[in-house]
Each structure stands twice: as C-alpha cells, then as structure tokens.
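Here is my note on the model, written as numbered points to be read beside the picture. Please keep the ligand in view as you go through them.

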Amino acid sequence: MKSITSTLIMTLALVISVFSSQPLFADDQFYGSDADITFANNLWVALINAKLVGENRINVQPFQGNAPHGATQQVLNTTILFNEENRQVIIKANHMGNKITNKDVYTDQNKYLKAYTVMFKMEAGYDPTNMNWFWVKYNPNGEILKNPKNEFIAGKFMKGANKGCIACHQAGGGEDLQFLTKH
Ligand code: HEC
C-alpha cells in the first residue's frame with residue numbers, strides 16, 4: 001500500500017510540475033542562456049545584411065497595432081538564408097510617440113523606432129509545442145533587451161509562463177502562433 005501511495009504522490013507531483021509555470025528541473029533554461037544570446041547576435045547580423053533591421057532597412061507601410069507592441073508598427077515577413085538553411089523570419093518594428101501617424105513613421109522610419117520584436121523559425125524539434133519559434137527583442141541598435149526581471153528576451157521566451165511572447169501569441173494568435181495568419 002505504501003508504495004502505491006508514494007507512486008501516486010510522485011505522479012501527482014509530476015503532473016503539477018508539468019502544468020504549473022515552473023520548469024520541471026531547475027537547470028531547464030528556456031531563454032536568455034549564453035547560447036540564446038550568441039544565436040540572437042548572429043541573427044542580428046544576418047538581418048542587417050538582408051536589410052530587414054537597422055537604419056537602412058526596407059521601409060514598409062506602417063499600421064496601428066496593439067499593446068504591448070508599439071502603437072505604430074511595421075512588419076516584414078520573409079525568409080532568409082541563415083546557417084545554410086532558408087528560414088522564415090517575421091520582424092516587427094515597434095514605434096512609439098505622441099500621436100504619431102503612419103505617415104510620420106513612413107517618412108522617417110527611424111525617428112520613433114523603439115524596438116524590434118522578432119520571431120525566427122528554428123528547426124523541427126526546437127520547441128514543437130510552440131511551433132519552433134525563437135523569440136527575441138532588440139533595441140534599434142541590435143542590443144538584446146531584458147525583461148523587468150533582468151532576463152534577456154531571447155529564445156523560448158517565457159515558455160510555460162502565463163504571460164510573455166509565447167503565452168500571448170498562443171492565446172490570441174492564429175495558425176503557427178502568428179496574428180498575421182489569424183484572418
Ligand atoms: C500581450 C500580448 C502579446 C505579447 C506579450 C507579445 N505579442 Fe507579439 N503580437 C501581439 C499582437 C496582438 C500582434 C498583432 C499585431 C498587433 O495587433 O499589435 C503581435 C504580432 C507580433 C509579430 C508579427 C507577426 C504576427 O504574429 O502578427 C511578431 C514578430 C511578434 N508579435 C513578436 C513578439 C515577441 C518577440 C514577443 C515577446 C518579446 C511578443 N510578440 C509578445 C501580441 C503580443
């Protein structure tokens with residue numbers, strides 16, 4: 001009897017840890033690791049070279065979006081050659097300013113730029129439950145930004161938590177966790 005009870009307790013603990021926001025193991029780091037930082041820095045270089053970020057990036061028609069992203073946004077959805085693979089990447093430029101219009105941003109795409117939020121499609125198996133996206137947030141100069149807990153926003157960002165990139169895109173995004181494909 002005793003072993004059945006302990007097996008039940010073990011199972012229950014496992015189920016709770018799987019469904020709670022805490023990772024099962026303390027060393028199960030989903031984001032912000034050295035490897036994530038290196039990856040995000042290399043990705044930035046590839047994005048610069050493809051003119052998808054940086055001052056000389058391709059200019060596209062802005063639109064008015066929702067929090068937490070910038071009020072005025074520009075989105076580029078394309079594929080790049082990265083580590084010898086063609087990969088999908090979605091870059092959102094987030095602009096903020098008092099009463100800025102789409103025209104203001106289109107006229108000077110760097111003036112109100114606050115951050116880039118990027119979704120990069122990794123290999124199958126990277127994070128299958130979340131459609132294998134690598135999530136990252138850069139400032140206009142390509143520095144990886146941190147959340148209020150001082151953690152780098154790069155990798156499977158806040159996987160398992162009830163807020164952050166993955167949680168919100170899971171709740172509101174369409175196919176492939178994108179809002180773009182919702183309609
Ligand atoms: C609270 C909800 C929420 C959070 C958190 C969030 N997003 Fe989004 N995201 C949106 C919404 C809504 C859109 C669609 C555009 C809009 O309405 O602003 C969007 C659009 C995007 C897009 C354009 C592709 C698409 O899905 O339409 C990218 C890229 C993106 N988000 C990246 C990120 C990254 C990276 C993070 C974390 C650093 C993040 N998002 C956090 C709600 C969120």
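1. This is a predicted model, and a good place to begin is Gln 73, which has a polar side-chain atom lying 2.9 Å from an oxygen atom of the ligand.

2. The backbone also takes part in contacts of this kind: a polar backbone atom of Phe 179 is 2.7 Å from an oxygen atom of the ligand, and for a polar backbone atom of Leu 180 the distance to an oxygen atom of the ligand is 3.0 Å.

3. As for where the ligand sits, the space that it takes up is the largest pocket. Two or more residues of the surrounding shell come from each of strand 3 (85–95), strand 4 (113–121), strand 5 (133–138) and helix 4 (165–172).

4. The ligand has 20 residues around it, of which His 69, Cys 165, Cys 168, His 169 and Phe 179 come nearest. Sorted by class, this shell holds 11 nonpolar residues, 8 polar ones and 1 charged one.

5. Which protein atoms are donors of the iron atom of the ligand? They are NE2 of His 69 and NE2 of His 169, at 1.9 to 2.1 Å from the iron. This pair links distant parts of the chain, since His 69 belongs to the loop between strand 1 (63–64) and strand 2 (72–82), whereas His 169 belongs to helix 4, 100 residues apart.

6. Why is the arrangement around the iron atom of the ligand octahedral? It is octahedral because the 6 donor atoms there subtend angles of 87 to 180°. For comparison, the ideal angles for six octahedral donors at a metal are 90 or 180 degrees.

Notes. Residues numbered from 1 in each chain as written. Predicted model: local features only at pLDDT ≥ 70, side-chain atom pairs only at ≥ 80, totals over all residues. Heavy atoms only, no water. Near = heavy atom within 4 Å. Polar contact = N/O pair within 3.5 Å; in protein donor to acceptor, adjacent residues only side chain to side chain. 1 Å grid on protein atoms, 1.4 Å probe; cavity = no way out; pocket = protein on both sides within 12 Å on 5 of 7 lines; lining within 4 Å. Sits in = over half its atoms within 2 Å of the grid points. Helix = DSSP H or I, 4+ residues; strand = E, 2+ residues; numbered from the N terminus. Nonpolar A, V, L, I, M, F, W, Y, C, P; charged D, E, K, R; others polar. Donors = N, O, S within 2.8 Å, 3.2 Å for Na, K, Ca; no water. Tetrahedral: all angles 85-135°; square planar, octahedral: opposite > 155°, others 65-115°.
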